[in-house]
Amino acid sequence: MDQQLNMVTLGVEDLAASRRFYSEGLGWTPLLDLDEVVFYQVGKGVALALFPLADLAADTGAPATPGTPFTLAQNLGSPAEVDAAVARAREAGAKVLKEPRRAAFGGYHAYVTDPDGHRWEICHNPGWSVAKDGTVRLAAVDPET
């Protein structure tokens, strides 16, 4: 079996607020935008869905609560891009948990939450690269440089 993740679905309390955060705050273009769900392509063969929390609970047959005990991350090309992304996210209603700054791993990052408390690390990691075939390469970065 191939290791793969094709879809991440986030349960959201206010689909309009979440749509604004992801479309305007992160600057993403919807793959499919319907009244009841929004999909964004976030990588080769990978999509993120925003689905109302109550509908997610009904669909899975189990209670769903807002927020998450994990983080999602977006790696950008430079510290300036991180600063701009955090500013856009703030304008779109994000709560900034950690202002942009140098990171212990040698890059530059910040943490924000979407309207439902899903945590996003917006970062620039110079040790991160993606090959043409989609393979992720991750190299250690000297935190002092």
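## A helix across the first sheet

Helix α1, residues 15-25, lies across β1, β2, β3 and β4, and runs at about 150° to β4. Some vocabulary helps here. Helices (H or I, at least four residues) and strands (E, at least two) are DSSP runs, numbered from the N terminus. Contact means heavy atoms within 4.5 Å. Axes are lines fitted to C-alpha atoms, for helices over the stretch in contact, and angles run from 0 to 180 degrees between N-to-C directions. Helix α2 (residues 53-60) lies across β1 and β4, at about 105° to β4.

Before going on, keep in mind that this is a predicted model: local features need pLDDT of at least 70, side-chain atom pairs count only at pLDDT 80 or more, and totals for chains, interfaces and linings use all residues. Residues are numbered from 1 along each chain as its sequence is written, and side-chain values use heavy atoms, with hydrogens and water left out.

## The sheet under α1

So what order do the strands of this open sheet come in? There are 4 strands, in the order β1-β4-β3-β2, with mixed pairing. Two strands pair if DSSP finds at least two bridges between them. At the edges sit β1 (7-12) and β2 (32-33), each pairing on one side only.

Now walk through the hairpins. β2 and β3 make one with 4 residues between them, and they pair in the antiparallel sense over 2 bridges. If you want to spot a matched pair, look at D33, whose bridge partner in β3 is V38. β3 then forms a hairpin with β4, with 2 residues between them, and G45 in that turn has a positive phi of about 70°. β3 and β4 are antiparallel too, over 5 bridges; here Y40 has L48 in β4 as its bridge partner.

## The second sheet

Another open sheet has 4 strands in the order β5-β8-β7-β6, again with mixed pairing. Its edge strands are β5 and β6 (95-102), each of which pairs on one side only. From one strand to the next, the twist averages 15°.

β5 and β8 run parallel and are joined by 5 bridges. Along this pair, L72 stands opposite W120 in β8, while Q74 has I122 in β8 as its bridge partner. On to β7 (residues 108-113): 6 bridges join this strand to β8, and the two run antiparallel. Y108, for instance, stands opposite H124 in β8. β7 and β8 form a hairpin with 5 residues between them, and G117 in the turn has a positive phi of about 90°.

Is β8 enclosed or open? β8 is largely enclosed by the rest of the structure, because 5 of its 6 residues are buried. Buried means under 20% relative accessible area, exposed over 50%, and partly exposed in between (1.4 Å probe, protein chains only).

## Two residues to look at: Q74 and A89

Q74 lies in strand β5. Its relative accessibility is 17%, so Q74 counts as buried. Leaving out residues up to four places away in sequence, Q74 touches L26, W28, W120, E121, I122 and C123.

A89 belongs to helix α3, residues 79-91. This helix lies across β6, β7 and β8, at about 15° to β7. A89 is buried, with a relative accessible area of 0%. Not counting neighbours within four places in sequence, A89 is in contact with F21, G25 and A94. A89 and A73 are 16 residues apart along the chain, and their C-alpha atoms are separated by 14 Å.

## The largest pocket

How much space lies in the largest pocket? About 800 Å³. On a 1 Å grid over the protein atoms alone, a pocket is an open set of points with protein on both sides within 12 Å along at least five of seven lines, and lining residues have an atom within 4 Å of a point.

The lining has 25 residues, and V42, G43, V46, A73 and W128 lie nearest the centre. Elements giving two or more residues to the lining are β3 (38-43), β4 (46-52), β5 (71-75), β8 (119-124), β9 (128-130) and β10 (136-138). The largest share, 4 residues, comes from β5. By class, the lining has 14 nonpolar, 10 polar and 1 charged residues. Here Ala, Val, Leu, Ile, Met, Phe, Trp, Tyr, Cys and Pro count as nonpolar, Asp, Glu, Lys and Arg as charged, and the others, Gly among them, as polar.

How values were computed:
1 Å grid on protein atoms, 1.4 Å probe; cavity = no way out; pocket = protein on both sides within 12 Å on 5 of 7 lines; lining within 4 Å. Points joined across faces, edges and corners; volume = space filled by probe spheres on them.
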